[in-house]
Amino acid sequence: MKRKRIGTQSIRESLDNLPNGICFSDRNGYIILCNRTMNNICLELLENDLKHISELERALTNPKNAVPLDMDLSENEKIIMMKTGVIWKFTRREIQDKENNTYIQYHAVDVTELYLKKKEFERENERLQNVIERAKKLYSELDDIVKEEENLAIKTKVHDDMGQLLLLTRKIMSQDNAEADDIKKTAKQWEIMISALGKISEENDDGKSSVRPADLEKDLSVIGVKLVITGDFPEDRKTASLMSAAIRESAVNAVRHANGKDLYVSFSHFGSKLIAEITNSGERPKGKIKEGGGLGSLRAKTEKAGGTMITESEPVFRLVITVPEKEENKL
């Protein structure tokens, strides 16, 4: 049986069919082999055929038709973005044949998808860090929020859940190849944790404790929300407690769903009615507001107090509570 010999033409065709770019020069820098992909890259980068390896090296160091990108690279690696948006990673190495002749090899790999995923990972990682910091601030105030002895079990559970979430977060952040979906899910869990912590104060308020704007401002600042009140905060104890619950729920929802940092509350009077209008500075709702457990509970409290509650999503989120004004039980 005759052995088939691989000829020069077969080697060239195989190299031309590679999706990666590759070229070789002799030790003096003169090109001896350049496949189709690398030749197309050089045409876009240099606007002419590659004749000497120094032309490619100058273009990679100071590209005119591309943009260099910053990444953790060795001195023999470069990453550039072409005008077409394709991102190539170039690697330089010296090789020797069996006669000890030295050649310079440049290898180009399309890392567009990898680079974009890395940037997405960095953005999600930064967002997750911000959520964690805000949750830590809120948790540090937990002892002030949870005052009743019977709420100790709630505090313990929150403590355990937060500990498990912190362990999961550290594990994900230590992985170089963590999936963006895992990071998003963890960030969502932190948002739920913030919501749970924010509701503790509402559940702890039985209408007998003092409710004042200064206390609300302090509580909301813990989760990064600035409270802006216009008009007179109600003095009736039960009404003040209801408005406090509405403000806290709106603040938590502003953080969770709208990335809001400012909460605006306006109090006005119409006949014997007190009207509270609540909006925020966050993103506009993507659809009709669904009243979950928090807003549903708030509506039940409002109707029990003889009032009405309206939620609007267009053009911005707006919560309007109208209740009868009372003269008794002043603060």
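**Salt bridges and a helix pair in the predicted model**

A salt bridge joins the side chains of Arg 92 and Glu 57, with a nitrogen-to-oxygen distance of 2.9 Å. This pair connects distant parts of the chain, since Arg 92 belongs to strand β5 (residues 87-96), Glu 57 belongs to helix α3 (residues 53-61), and the two lie 35 residues apart. The structure is a predicted model. Arg 92 is partly exposed, at 21% relative accessibility. Glu 57 is likewise classed as partly exposed, its relative accessible area being 25%.

Strand β5 also takes part in a salt bridge through Lys 89. Here the partner is Glu 77, and the closest N and O atoms are 3.3 Å apart. Because Glu 77 is located in strand β4 (residues 77-82) and Lys 89 in strand β5, the contact ties together parts of the chain 12 residues apart in sequence. Glu 77 has a relative accessibility of 19% and therefore counts as buried, the cut-off for this class being under 20%. Lys 89, with a relative accessible area of 25%, is partly exposed.

A further salt bridge is found within helix α4 (residues 112-140), between residues that are 4 positions apart. Lys 117 and Glu 113 form this pair, and their closest N and O atoms are separated by 3.4 Å. Because the two residues are 4 apart in helix α4, about one helical turn separates them. Glu 113 is exposed, with a relative accessibility of 57%. Elsewhere, salt bridges with shared partners join Glu 57, Arg 92 and Glu 94 into one network. The count of salt bridges in the model comes to 10.

Helix packing was examined for helix α8 (residues 213-222) and helix α9 (residues 237-258), whose axes are 11 Å apart and meet at an angle of about 15 degrees. Helix α8 is therefore roughly parallel to α9, a description that applies to angles under 35 degrees. The crossing of the two helices is right-handed. On the α8 side, the contact involves Leu 216, Asp 219 and Leu 220. These residues meet Ser 244, Ile 247, Arg 248 and Ala 251 in α9. Sorted by class, the contact of α8 with α9 comprises 4 nonpolar, 1 polar and 2 charged residues.

How values were computed:
Residues are numbered from 1 along each chain as its sequence is written. This is a predicted model: local features need pLDDT of at least 70, side-chain atom pairs count only at pLDDT 80 or more; totals for chains, interfaces and linings use all residues. Side-chain values use heavy atoms; hydrogens and water are left out. Buried means under 20% relative accessible area, exposed over 50%, partly exposed in between (1.4 Å probe, protein chains only). Axes are lines fitted to C-alpha atoms, for helices over the stretch in contact, and angles run from 0 to 180 degrees between N-to-C directions. Angles under 35 degrees count as roughly parallel, over 145 as roughly antiparallel, 65 to 115 as roughly perpendicular and the rest as oblique. A crossing is left-handed if the near helix is turned anticlockwise from the far one by less than a right angle, and right-handed if clockwise. Contact means heavy atoms within 4.5 Å. Ala, Val, Leu, Ile, Met, Phe, Trp, Tyr, Cys and Pro count as nonpolar, Asp, Glu, Lys and Arg as charged, and the others, Gly among them, as polar.
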